[in-house]
Amino acid sequence: GLDVSRAAWGSQVQAGVGVANLLRALKDDEGGENQADARHAVREQRRWERRAVKAALPEELALPAGWKAQVSRSTGKAFYRHAVTGESRWKPPRGATLLPGVAERIPPLLP
């Protein structure tokens, strides 16, 4: 059957590659006994990736178009600013992903 243990999906994390593999396995097993396990693994994988992106340094992220990481003069902390809209935020914008190779250096984040 489909191996959806933490070790299996945790080792697949590579900026979304793990989720793609699990979704493909879920589709291949359509109607099979592993549906609930695969859905759970996909949710856990996505949760891990979101937490890893939030914990990453700005230079470890690929940001969506228009976004740039900057450093606040008053706090010295990194923040993210959209060049066109002027929106700024402390957390990475939706769509930010880990650069290739970064995921392997981040230890698994337990829920």
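## A walk through the model, starting from a salt bridge

Arg89 and Glu87 make a salt bridge, with 3.4 Å between their closest N and O atoms. This is a predicted model, so keep the confidence values in mind along the way. Neither end of that bridge is hidden from solvent by the usual cut-off for burial, which is under 20% relative accessible area: Arg89 is partly exposed at 31%, and Glu87 is partly exposed too, at 37%. Arg89 also belongs to strand β4 (residues 88-89), the element with the highest mean pLDDT in the protein, 96.

How many salt bridges does the structure hold? There are two. The other one pairs Glu44 with Arg47, and here the closest N and O atoms are 2.4 Å apart. Both residues sit in helix α3 (residues 35-55), and because they are three residues apart there, about one helical turn separates them. Glu44 is buried, with 10% relative accessibility, whereas Arg47 is partly exposed at 33%. As a general point, side chains of opposite charge can pair when their charged atoms come close.

Now step back to the overall layout. The protein has three helices and five strands, and along the sequence they run α-α-α-β-β-β-β-β. There are 111 residues, and 32% of them count as buried. If you take contacts between residues at least 6 apart in sequence, 52% of these join residues at least 24 apart. The accessible surface adds up to about 7,300 Å², and carbon and sulfur atoms account for 52% of that.

How does the confidence look? The mean pLDDT is 74, with 63% of the residues at 70 or more. At the low end of the elements is helix α1 (residues 6-12), whose mean pLDDT is 44. Residues 1-16 have pLDDT below 50, and in the model this stretch has 34 contacts beyond near neighbours in sequence.

Next, the nonpolar core. Which residues make up the largest one? It has 11 members: Trp48, Ala52, Val53, Ala56, Leu61, Trp67, Tyr80, Ala96, Leu98, Val102 and Ala103. Helix α3 is the biggest contributor, giving three residues. Val53 is a handy place to look around from: leaving out residues up to four places away in sequence, Val53 touches Leu61, Pro92, Ala96, Thr97 and Leu98. Among these, Leu61, Ala96 and Leu98 are core members as well.

Thr97 turns up again with two glutamates. Glu49, in helix α3, is 48 residues from Thr97 in sequence, yet their C-alpha atoms are 8.2 Å apart in space. Is Glu49 buried or exposed? At 15% relative accessibility, Glu49 is buried. The other glutamate is Glu60, found in the loop between α3 and β1 (61-62). Glu60 is buried too, at 16%. Setting aside residues up to four places away in sequence, Glu60 touches Thr97, Leu98, Leu99, Val102 and Arg105. Of these partners, Leu98 and Val102 are listed in the largest nonpolar core.

Finally, have a look at the aromatic side chains. By the ring-pairing rule, the count is one aromatic pair. Phe79 and Trp90 form this pair: their ring centres lie 6.0 Å apart, and because their planes meet at 70°, the arrangement is edge-to-face. The two residues come from distant parts of the chain, with Phe79 in strand β3 (residues 78-82) and Trp90 in the loop between β4 and β5 (97-98), 11 residues apart. Their surroundings can be read from accessibility: Phe79 is buried at 16%, while Trp90 counts as exposed at 52%.

Ser72 joins this neighbourhood from the loop between β2 (67-71) and β3. Which residues does Ser72 touch, not counting residues up to four places away in sequence? They are Lys77, Phe79 and Trp90, so both rings of the aromatic pair belong to residues that Ser72 contacts. Ser72 is buried, with 11% relative accessibility. From Ser72 to Trp90 the sequence distance is 18 residues, and the C-alpha to C-alpha distance is 9.8 Å.

Definitions and conventions: Residues are numbered from 1 along each chain as its sequence is written. This is a predicted model: local features need pLDDT of at least 70, side-chain atom pairs count only at pLDDT 80 or more; totals for chains, interfaces and linings use all residues. Side-chain values use heavy atoms; hydrogens and water are left out. A salt bridge is a side-chain nitrogen of Lys or Arg within 4 Å of a carboxyl oxygen of Asp or Glu. Helices (H or I, at least four residues) and strands (E, at least two) are DSSP runs, numbered from the N terminus. Buried means under 20% relative accessible area, exposed over 50%, partly exposed in between (1.4 Å probe, protein chains only). Contact means heavy atoms within 4.5 Å. pLDDT is the predictor's confidence in each residue, from 0 to 100. Accessible areas come from the Shrake-Rupley method with a 1.4 Å probe; for residues, only the protein chains shown count as cover. Rings of Phe, Tyr and Trp (its six-membered ring) pair if their centres lie within 6.5 Å; planes under 30 degrees apart count as stacked, over 60 as edge-to-face and the rest as tilted. A nonpolar core is a set of buried Ala, Val, Leu, Ile, Met, Phe, Trp, Tyr and Cys residues joined through side-chain atoms within 4.5 Å.
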